[in-house]
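Please open the model in a viewer and keep the sequence panel beside it. This tour proceeds by selections, and each stop states what is to be found there.

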Amino acid sequence: FADRKCEDCHQRHGVIGKLILKRQGNDLCFECHRDVEETLDRPLRHEPLQTTGCTGCHDPHGSGEETLLASGGAESCYACHAREPFERKRVHKPLRDDGCMPCHEPHASEVGSLLRYAADELCRSCHDDERKLVRAHPGISGSPSACTSCHDPHSSDADKLVHSVRHLPVVDGDCAACHETANDGAMVLAGDAGSLCLDCHELPSGLATPHAPAEDGDCTSCHAPHGSSHAGMLVGEQAAVCAECHDAAAFARRFQHAAVSEGQCTDCHLPHGSNESALLTDSERTVCLGCHDGIVSGADGVNVHAPLVKQDCSRCHDPHSASEPALLVDTSGELCLDCHRSVRLEIAQEYSHDIVARGECTSCHDPHESPRENLLTADEDALCAGCHDEYMQRPAGGSTHAPVADGGCLECHAPHG
């Protein structure tokens with residue numbers, strides 16, 4: 001672009017007056033950037049490279065930064081990665097001075113988190129004074145390892161980038177609470193990991209629905225054993241930890257439950273076990289009404305929709321995310337007709353009420369409760385007049401049909417078809 005060689009990437013203008021690339025997507029970039037293409041044989045690839053492609057991070061024509069990035073240092077990365085974990089009180093020097101690239105590969109890697117090397121090897125590439133390391137870790141026999149189990153690799157509010165949430169034995173320097181020294185001098189666990197946790201941490205037993213990792217004693221699948229920058233010593237953000245096992249697609253549809261969008265799975269679920277299905281903190285209805293307390297009034301004489309009576313909110317609503325508003329599991333009309341099959345037959349008649357045919361059942365019916373029969377949202381005459389007001393007006397000098405005067409529209413008309 002700097003040399004004005006537009007035709008290196010674009011075909012000449014045609015009659016449609018549009019710039020056309022010679023090749024589409026990353027293939028065009030790889031004609032020159034063969035070195036990047038070769039890295040894609042590695043098993044772990046940067047997500048933008050697989051989705052939006054090269055232009056997800058690089059401007060194809062030019063920018064004020066090296067490698068055509070939109071911003072310098074870590075700023076380009078913050079377009080996708082939340083800033084907070086990287087901007088605490090004390091920031092790792094490579095991140096502060098040079099951004100993410102000193103430790104991470106930008107395109108693909110053999111190592112998790114796109115690290116350039118295995119974590120300990122990467123740390124030792126700078127922290128290479130063995131005697132200094134040993135002096136700084138007096139509770140550890142042999143050479144210190146598993147650096148990121150105690151230190152946050154990006155930033156921390158504590159000195160030495162120590163995790164903000166630390167296991168009590170670590171705070172006390174009591175490594176022997178969980179570890180012992182093997183014959184070769186290495187630090188090893190003093191027993192089965194799950195049993196060691198239960199020596200101090202009591203978990204409820206005999207629950208109808210235990211969480212599999214807790215039941216199997218696999219505590220470290222969710223919790224970091226030494227320290228973490230996340231509450232509960234979780235190995236990552238709560239939602240990310242849960243998504244390691246639970247299909248993320250179920251939580252990513254257009255409309256999301258507030259607890260899901262905020263990453264607060266434990267607002268509704270217990271992490272270790274429950275006597276309720278799906279590890280719920282209480283019965284399904286009680287959990288839902290804990291936030292949605294205006295749905296049911298509890299007033300006498302109120303007609304309640306059957307699924308609510310049966311405490312089955314998920315009959316109509318997806319508890320995590322949905323493609324329909326109000327987290328409905330299907331379009332409003334189809335959802336209603338799944339149960340109200342007689343109405344489906346009525347609207348199949350030659351003449352159907354258009355609002356019913358459009359599936360707009362909630363224009364006339366409250367989906368949860370109503371003081372009126374059939375869960376109507378208003379009295380019969382007022383409801384009909386909302387759309388058909390012209391038929392409710394008496395012409396000057398005329399008269400009104402008795403059923404109309406009495407608000408009895410349904411004496412003559414079928415409400416659905």
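The tour begins with the whole chain and then visits individual residues.

**The whole protein**

Before selecting anything, please note that this is a predicted model. Display the protein as a cartoon and look for its secondary structure, which comes to 18 helices and 16 strands. The radius of gyration is 32 Å, well over the 22 Å that the globule rule gives for 417 residues, so the protein is more spread out than a compact globule. Rotate the view along the principal axes: the C-alpha atoms fill a box of roughly 105 × 75 × 35 Å.

Next, show the surface. The accessible surface comes to about 27600 Å², and carbon and sulfur atoms account for 53% of that area. How many of the 417 residues count as buried? The share is 24%, where buried means a relative accessible area under 20%. For contacts between residues at least 6 apart in sequence, 49% join residues at least 24 apart.

Now colour the charged residues. The protein has 32 positive and 68 negative charges, and the mean positions of these two sets are 10 Å apart.

**First selection: the aromatic pair**

Select Tyr78 and Phe86 and show their side chains. A search of the whole structure finds 1 aromatic pair, and Tyr78 and Phe86 form it. How are the two rings arranged, by centre-to-centre distance and by the angle between the planes? The ring centres lie 5.8 Å apart, and the planes make an angle of 40°, so the pair is tilted, a class between stacked (under 30 degrees) and edge-to-face (over 60). Tyr78 counts as buried because its relative accessibility is 14%, and Phe86 counts as buried because its value is 15%.

**Second selection: Thr67**

Move to Thr67, in the loop between α3 (residues 47-50) and β4 (residues 90-91). Thr67 counts as exposed because its relative accessibility is 55%. Draw a distance from Thr67 to Cys57: these residues are 10 apart along the chain, and their C-alpha atoms are separated by 9.6 Å.

**Third selection: two positive phi angles**

Select Ser113, in the loop between β5 (residues 108-109) and α5 (residues 119-124). Its phi is near 60°, a positive value in a residue other than glycine. Ser113 is exposed, as its relative accessibility is 61%.

Then select Ala278, in the loop between β13 (residues 273-274) and α12 (residues 284-289). Phi of Ala278 is also positive, near 55°, and this residue too is not glycine.

**Fourth selection: Leu234**

Select Leu234, in the loop between β11 (residues 227-228) and α10 (residues 238-243). Is Leu234 buried or exposed? Leu234 counts as buried because its relative accessibility is 15%. Leaving aside neighbours within four places in sequence, show the residues in contact with Leu234: Cys222, His223, Ala224, Ser228 and Val241. One of these, Ala224, is 10 residues from Leu234 in sequence, with 5.8 Å between their C-alpha atoms.

**Fifth selection: Gly298**

Go on to Gly298, in the loop between α12 and β14 (residues 303-304). With a relative accessible area of 61%, Gly298 is exposed. Which distance separates the C-alpha atoms of Gly298 and Glu369? These residues stand 71 apart along the chain, and the separation is 9.6 Å.

**Sixth selection: Ala326 and helix α14**

Select Ala326, in the loop between β15 (residues 321-322) and α14. Ala326 is exposed, and its relative accessible area is 53%. A distance drawn to Ala306, 20 residues away along the chain, gives 18 Å between the C-alpha atoms.

Finish at helix α14 itself, residues 332-339. Show the side chains of its buried residues where they have one: Gly333, Leu335 and Leu337. Add α15, residues 341-347, to the selection, since the buried residues of α14 pack against this element.

Terms used. Residues numbered from 1 in each chain as written. Predicted model: local features only at pLDDT ≥ 70, side-chain atom pairs only at ≥ 80, totals over all residues. Heavy atoms only, no water. Helix = DSSP H or I, 4+ residues; strand = E, 2+ residues; numbered from the N terminus. Rg over C-alpha atoms; globule rule 2.2 N^0.38 Å. Buried < 20%, exposed > 50% of the residue type's maximum accessible area, 1.4 Å probe, protein only. Contact = heavy atoms within 4.5 Å. Areas by Shrake-Rupley, 256 points an atom, 1.4 Å probe, with all protein chains shown as cover. Lys, Arg positive; Asp, Glu negative; His and termini not counted. Charge placed at Lys NZ, Arg CZ, Asp CG, Glu CD. Phe/Tyr/Trp six-rings, centres within 6.5 Å; stacked < 30°, edge-to-face > 60°.
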